[in-house]
Amino acid sequence: MTFSPELARRLHQALGPEATGDLLSWMHDMDAHRGEQRDQFRADLAEMRQEMHAGFATVREEMSARLAGLRDEMNTRLTGLRDEMNTRFTGLRDEMNTRFTVTDATIAALREEMRVGFATMDARIERRFGDLIKWSFVFWCSAVGAVALLAKALG
């Protein structure tokens, strides 16, 4: 650090030559010492920065390893769940197929029963229709005979 001649002259007048020399020497020493401290501080800061990078790299590696382990564990569990679900769905599918088969058989039996019932009903209706025709014929024959007898008796 350089001092202006005006400052040196005023210090010389106020303090005297010996004190001014000591003061200026002390100020030069402090300036040099401050430069050394600044260099030391920068070196310490650079060292701390390197240590932090190394620490962060270690933490990053540990986190990567833990995440990889967690990912593997999750994949294992998901695979297990997928297998369990496939097993359950297969069982459910088999049960549904069994019940559908039973339902189809029940529907087939009901259709056969309905076919037989309709055939029986058709036969009964046909029989009743035949009976109705017979009685209708008998009624009309009787009515015509009665009208003929009535016409003969009146005529």
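Reader: Does Asp 131 count as buried, partly exposed or exposed, and at what relative accessibility?

Author: The model is a predicted one. Buried means under 20% relative accessible area and exposed means over 50%, with partly exposed in between. Asp 131 therefore counts as partly exposed, at a relative accessibility of 28%.

Reader: Which residues are linked with Asp 131 in a network of salt bridges?

Author: Arg 128 forms a salt bridge with Asp 131, with 3.9 Å between the closest N and O atoms. Lys 134 also forms a salt bridge with Asp 131, here with 3.8 Å between the closest N and O atoms. The residues linked to Asp 131 in the network are Arg 128 and Lys 134.

Reader: How far apart along helix α2 are Arg 128 and Asp 131, in helical turns?

Author: Both residues sit in helix α2, and Arg 128 counts as exposed at 57% relative accessibility. Because Arg 128 and Asp 131 are three residues apart in helix α2, their separation is about one helical turn.

Reader: What is the N to O distance in the salt bridge between Glu 95 and Arg 99?

Author: Side chains of opposite charge can pair when their charged atoms come close. Glu 95 and Arg 99 are four residues apart in helix α2, so about one helical turn separates them. Glu 95 is partly exposed, with a relative accessible area of 38%, and Arg 99 counts as exposed at 56%. Their side chains meet in a salt bridge with an N to O distance of 3.1 Å.

Reader: How many salt bridges does the count come to?

Author: The cut-off is a side-chain nitrogen of Lys or Arg within 4 Å of a carboxyl oxygen of Asp or Glu. The pair Glu 95 and Arg 99 is one of those that meet in a salt bridge. By this rule the count is six.

Reader: Which residues form the aromatic pair, and is the pair stacked or edge-to-face?

Author: Searching the whole structure gives one aromatic pair. Its ring centres are 5.5 Å apart and its planes are at 70°. Planes over 60 degrees apart count as edge-to-face. The pair is Phe 139 and Trp 140, and it is edge-to-face.

Reader: Is Trp 140 buried or exposed?

Author: The cut-off for exposed is over 50% relative accessible area. Phe 139 counts as exposed at 53% relative accessibility. Trp 140 has a relative accessible area of 54%, so Trp 140 is exposed.

Reader: Which residues form a nonpolar patch on the surface, and what is their accessible area together?

Author: One of the patch residues, Phe 56, is found in helix α2 (residues 17-154). At 48% relative accessibility Phe 56 counts as partly exposed. The patch is formed by Phe 41, Leu 45, Met 48, Met 52 and Phe 56, with a joint accessible area of about 500 Å².

Reader: Against which element do the buried residues of α2 pack?

Author: Of the 155 residues of the chain, 5% count as buried. In α2, Thr 20, Leu 24, Asp 31 and Gly 35 are buried. The buried residues of α2 pack against α1 (5-15).

Reader: Why is the chain more spread out than a compact globule, and what is its radius of gyration?

Author: The secondary structure comes to two helices and zero strands. The globule rule gives 15 Å for 155 residues, and the chain is well over that value, so it is more spread out than a compact globule, with a radius of gyration of 61 Å.

Reader: What distance separates the C-alpha atoms of Gly 155 and Ala 19?

Author: Gly 155 lies in the segment after α2 and is exposed, with a relative accessible area of 90%. The C-alpha trace spans about 185 × 45 × 15 Å along its principal axes. Gly 155 and Ala 19 are 136 residues apart along the chain, and their C-alpha atoms are separated by 184 Å.

Terms used:
Residues are numbered from 1 along each chain as its sequence is written. This is a predicted model: local features need pLDDT of at least 70, side-chain atom pairs count only at pLDDT 80 or more; totals for chains, interfaces and linings use all residues. Side-chain values use heavy atoms; hydrogens and water are left out. Patches are made of residues with over 30% relative accessible area and no salt bridge: like charges are joined within 9 Å, nonpolar side chains (Val, Leu, Ile, Met, Phe, Trp, Tyr) within 5 Å. Accessible areas come from the Shrake-Rupley method with a 1.4 Å probe; for residues, only the protein chains shown count as cover. Buried means under 20% relative accessible area, exposed over 50%, partly exposed in between (1.4 Å probe, protein chains only). Rings of Phe, Tyr and Trp (its six-membered ring) pair if their centres lie within 6.5 Å; planes under 30 degrees apart count as stacked, over 60 as edge-to-face and the rest as tilted. Contact means heavy atoms within 4.5 Å. The radius of gyration is taken over C-alpha atoms; the globule rule is 2.2 Å times the number of residues to the power 0.38.
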